[in-house]
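Colleague: Hey, I've just opened this one and haven't looked at it before. Could you walk me through it?
Modeller: Sure, let's pull it up and go step by step.

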Amino acid sequence: MSWEMGLEVLSVILLAYFMFGVSGFGSSLVAVPLLSHLMPLQSAVMLALVLDWVSSIGLSQKDRQYVRRDELKYIIPFALLGIFIGAAMLSRVPNGPLLMALGFFVTLVAIRYLLMGPAQHTISKRWSAVAGLAGGTASALFGTGGPAYMSYFGHRLEDRSELRATFTGLMVLDGGLRVVVFMLSGLFFAALDLKILAAAFPVMLLGLYFGQRAHKALSNRQIKNLTAVLLFVSGLSLLVRGI
């Protein structure tokens, strides 16, 4: 990889984690589509996986007492099954169809995120099967399982501290499971650029720092609109590329 392309990759990482610092959401939804213009999809997914996993571990340390383990035990088995399905597809399906699917997925998430209101009712735990399978598959395929997980927990947990802590706890477990599955499949080290990963860590921290500062200066509506617009542009860029 040339140094010019390396700078472009690090710029995407900075933008993605700036947005994560601003909104607490969507780092991989921003990073993976944009990185896919610069590297193979598998490499983009592995890079985002490690960065998201490390950042989730850091965030999880603050709110461990709020994690609802009773909720996690229902969704984790289905998430693991979804991870196996997604990992198999990532290693076998050509990049072209996967990138188009990712573009549609991120664009739809952006529209839903912009239009959705707060959860109005509690849903059954049976929906953990759907959320786990969808989230695990999307996580392994695109590194973007967060929307499915958050949608489920948003209809299960009313307390904001429990919601954030339980979601973050799941992302730690989800990331760890994906690392193990991808290592066993041989894809992890085959697709991951360790030099780019080493350079990306300080850039990720810088993005988080400035994003958290910006969060204090923006209203909830501004944060929501900014996140939705960036996700929409990120997803649309893949759709335009695939046409």
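Colleague: What pattern does the protein chain follow, read along the sequence?
Modeller: Reading along the sequence, you get α-α-α-α-α-α-α-α-α-α-α. Keep in mind that this is a predicted model.

Colleague: OK, and how many helices and strands does the protein chain have?
Modeller: There are eleven helices and zero strands.

Colleague: What radius of gyration does the protein chain have, and what would a compact globule have?
Modeller: The protein chain comes out at 17 Å, and a compact globule with 243 residues would be near 18 Å, so the two agree. Along the principal axes, the C-alpha trace spans about 50 × 40 × 35 Å.

Colleague: What share of the residues is buried?
Modeller: Buried residues account for 49% of the 243 in the protein chain.

Colleague: And the surface: how much does the protein chain expose, and what do carbon and sulfur atoms supply?
Modeller: About 11,900 Å² is exposed, with 67% of that supplied by carbon and sulfur atoms.

Colleague: Back to contacts. Of those between residues at least 6 apart in sequence, what percentage join residues at least 24 apart?
Modeller: That would be 83%.

Colleague: Let's switch to charges. How many positive and negative ones are there, and how far apart are their mean positions?
Modeller: The protein chain has 19 positive and 11 negative charges, and their mean positions are 3 Å apart.

Colleague: How many salt bridges does the structure hold?
Modeller: Five. As background, side chains of opposite charge can pair when their charged atoms come close.

Colleague: Which residues are linked in a network of salt bridges?
Modeller: The network links R68, D70, E71, R156 and E162.

Colleague: Let's start with R68. How far apart are the closest N and O atoms in its salt bridge with D70?
Modeller: They're 2.9 Å apart. R68 also forms a salt bridge with E71, where the closest N and O atoms are 3.9 Å apart.

Colleague: Are R68 and D70 buried, exposed or partly exposed?
Modeller: R68 has 25% relative accessibility, so it counts as partly exposed. D70 is partly exposed too, with a relative accessible area of 29%.

Colleague: And why does E71 count as buried?
Modeller: Because its relative accessible area is 1%, and buried means under 20%. The side chain of E71 also meets that of R156 in a salt bridge, at 2.9 Å from N to O.

Colleague: Where do R156 and E71 lie, and what does the pair tie together?
Modeller: R156 is in the loop between α7 (146-154) and α8 (160-185), while E71 belongs to helix α4 (residues 69-92), so their salt bridge ties together parts that are 85 residues apart in sequence. R156 is buried, as is E71.

Colleague: New topic: where is T107 found?
Modeller: T107 is in helix α5, which covers residues 95-115. It has 10% relative accessibility, so it counts as buried.

Colleague: Which residues is T107 in contact with, leaving aside neighbours within four places in sequence?
Modeller: F232, G235, L236 and L239.

Colleague: Last one: what about V54, where is its place?
Modeller: V54 sits in helix α3, residues 41-60. At 33% relative accessibility, V54 counts as partly exposed.

Colleague: And how far is the C-alpha atom of V54 from that of L141?
Modeller: Those two C-alpha atoms are separated by 19 Å, with V54 and L141 lying 87 residues apart along the chain.

Definitions and conventions: Residues are numbered from 1 along each chain as its sequence is written. This is a predicted model: local features need pLDDT of at least 70, side-chain atom pairs count only at pLDDT 80 or more; totals for chains, interfaces and linings use all residues. Side-chain values use heavy atoms; hydrogens and water are left out. Helices (H or I, at least four residues) and strands (E, at least two) are DSSP runs, numbered from the N terminus. The radius of gyration is taken over C-alpha atoms; the globule rule is 2.2 Å times the number of residues to the power 0.38. Buried means under 20% relative accessible area, exposed over 50%, partly exposed in between (1.4 Å probe, protein chains only). Contact means heavy atoms within 4.5 Å. Accessible areas come from the Shrake-Rupley method with a 1.4 Å probe; for residues, only the protein chains shown count as cover. Lys and Arg count as positive and Asp and Glu as negative; His and the chain ends are not counted. The place of a charge is taken as NZ of Lys, CZ of Arg, CG of Asp or CD of Glu. A salt bridge is a side-chain nitrogen of Lys or Arg within 4 Å of a carboxyl oxygen of Asp or Glu.
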